[in-house]
Amino acid sequence: MQFENKIICDGLLNKSLEVKMQKLIIYGPASLMGEIEVEGAKNAALPILTASILAQNKVIITNVPDIVDVKHTIEILKYLGCNVLFENNTVVVDSSSIGRFTIPPEYAKLMRSSVLFMGALLSKFRRVELSNHPGGCEIGQRPIDLHISAFRQLGIEVFENNNRIMCRCDRIKGSEIFLPIPSVGATENIILASIFCDGEVVIKNAAKEPEIVDLCHFLNKLGAKIKGAGTHIIKIEGVKRLNSEEVIHKVIPDRIVAGTYLCAVAACGKEVVLKSVFPRHLDSILHILKGSGCKIKESKNEIWIKKEGRLKGGLRITTHYYPGFPTDLQAPVCSAFAVASGVTIIKETIFENRFKHVPELVKMGADIHVEKDIAVINGVEKLRGCKVFARDLRGGAALFIAGLSAQGVTEVMDADYIDRGYEKIEEKYSLLGAKILREKGE
C-alpha cells in the first residue's frame, strides 16, 4: 500500500511540474472592450469538492473553474478513492469507493485548501492524517492553530509529531466555538467536521464570505442542517445520515476574478460588461472604482464598467474581512492605482507578506513605497513593459494588469501562479481586445 501511495503521489508531482515555468507575453497598452462571462469561484469550488466525499450518492457540481487548484483537488479525491469526471466546467464525484483517510505530503504542500480535507475526513471516518502542513502561496503566516484548537473543542484528539498531524475521535460532540478572528478556513473546517455531531455546534465570530454561504448551501442540499451562513453565528445541527438523492449544485461566480476584470478596465480604460456575476459580492471594490472616475452600472447578474482618461487616486484603502475590501484584490488594485493621478495609500491587515508584487511593479516604472503593512502609491502617467516575476497568485494577476496598461512588451514569468486561480486568462482577455501570448518559461 505504501508503494502504491508513493507511485500516485509521484504522479501528481509530475503533473504539477508540467504546469510550471509558463510565461505570459503581453503587448501593451491594451484597450478593453466587450462582454465576458465570469467563471465559478475558486474559493467556493475547492471546499465544495472537498465536501463531496460526504455525499451518499453521486454529486454533480457545475460552473467549476478549469484551474490548477481544482485539478489538484480532484487528484486528492481520486487518491482517496473517489471516482471523478471533470469536463466542460462540470465535476461529477462518486465517493462510494472512498477508502483512505490520509493526505500525504506531496498533496498537502500543493495548496492551502488541502487542510479542509481534515474536517471532511473526520466526519467520514472519525480520523484523518495530514503528513505535512498545507502549502499554497507564501503570502504570510497562515498557521492552522485555529483549526486544531476547534477540533479539540469538538472532542477530537489531535497529535502533532515531526510535521505530521493525526486526529481521531469516537464522536464529534456538540460545542460552542469562538474564533479569535473570522478565519475562512477554520470556519469551513469546523462546519465540515460537525455535520454528524452529537447535538449542535455553534460557531461564533464565524467568517461571512459568500463562498462559505455557497458551501453551506451545498451541504444542506446533501441533507446537513446548517443555519446562519453569511452571519457571524453559524449553527450546525448534527444529523445521523445525509440524503440518498443525487445532488446538482452550481458554484457561485468568482468575485475576485470579477474584481480583477474591473481593476484591469480601470487601469487600461474603455468599456466592458461582466456577465454571470453577483454585484452584491463586489460592493467594496465597486465603491472604490466609482469614487475614482469609473462609470459603473449594476443589474442582477451583470456589471457594466466604462473608464475614459486617467483613474483618480487620493484614496485610503484598507483590506478587511468580508464584507470589507478583500485582501485578494489588494494586489490588482495596486496595479490600477499605480497609473492613477495623486497618491493612494493601501493598508494590508490580513497577511503580512502580501506586497511581493511591488518590487516588480517598480521595475515597470511604478512609484510605490512599502513600509511594513502600508503601501504608498504615487501614481505615474504610464508603466513600461519589461520582464517581471509572479511570486504568488494575486500578485501575478497584478503584474498581468500592469502589463495590459504598460507601454511595450511585458513578460510575466512563473505564470503558473496565475493559473492556480484564473481560468485561461490569456484567452479571456484576448476576447476583450488584449494581445497576449503564452509560452514556456526560460
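This is a short exchange about a predicted model of one chain.

Trainee: What makes the chain agree with a compact globule?

Mentor: Its radius of gyration. For 442 residues, a compact globule would have a value near 22 Å, and the chain has 22 Å, so the two agree. The C-alpha atoms fill a box of roughly 65 × 45 × 40 Å along the principal axes.

Trainee: How many of the residues count as buried?

Mentor: 56% of the 442. Buried means under 20% relative accessible area. The accessible surface comes to about 17,800 Å², with 49% of that on carbon and sulfur atoms.

Trainee: Which contacts link residues far along the sequence?

Mentor: Take the contacts with a separation of 6 or more. Of these, 73% are between residues 24 or more positions apart. A contact needs heavy atoms within 4.5 Å.

Trainee: Now strand E17, residues 302–307. What makes its side chains alternate?

Mentor: Look at the two faces. Ile-303, Ile-305 and Lys-307 point to one face and are buried. Glu-302, Trp-304 and Lys-306 point to the other and are not buried.

Trainee: Why is E15 said to pair with E17?

Mentor: Pairing takes at least two bridges. Strand E15, residues 270–275, has six to E17, so the two count as paired. They run antiparallel. Lys-270 stands opposite Lys-307 of E17.

Trainee: How do you know that E16 pairs with E17 too?

Mentor: By the bridge count again. Strand E16, residues 295–298, shares four bridges with E17, in the antiparallel sense. The cut-off is at least two, so this is a pair. Ile-296 has Ile-305 of E17 as its bridge partner. A hairpin of three residues joins E16 to E17.

Trainee: Which residues of helix H10 are buried, and what covers them?

Mentor: In H10, residues 283–290, the buried ones are Ser-284, Ile-285, Leu-286, Ile-288 and Leu-289. Their cover includes helix H9 (255–268), E16, E17, strand E18 (316–318) and helix H11 (330–338).

Trainee: Why do such residues recur at that spacing?

Mentor: An α-helix has 3.6 residues a turn, so residues three or four places apart point the same way.

Trainee: Where is Gly-313, and what does it touch?

Mentor: Gly-313 lies in the loop between E17 and E18. Leaving out residues up to four places away in sequence, Gly-313 touches Phe-337, Ala-340, Ser-341, Val-343 and Thr-344. The contact cut-off is heavy atoms within 4.5 Å.

Trainee: How far apart are the mean positions of the positive and negative charges?

Mentor: They are 2 Å apart, for 58 positive and 52 negative charges.

Conventions: Residues numbered from 1 in each chain as written. Predicted model: local features only at pLDDT ≥ 70, side-chain atom pairs only at ≥ 80, totals over all residues. Heavy atoms only, no water. Buried < 20%, exposed > 50% of the residue type's maximum accessible area, 1.4 Å probe, protein only. Rg over C-alpha atoms; globule rule 2.2 N^0.38 Å. Areas by Shrake-Rupley, 256 points an atom, 1.4 Å probe, with all protein chains shown as cover. Lys, Arg positive; Asp, Glu negative; His and termini not counted. Charge placed at Lys NZ, Arg CZ, Asp CG, Glu CD.
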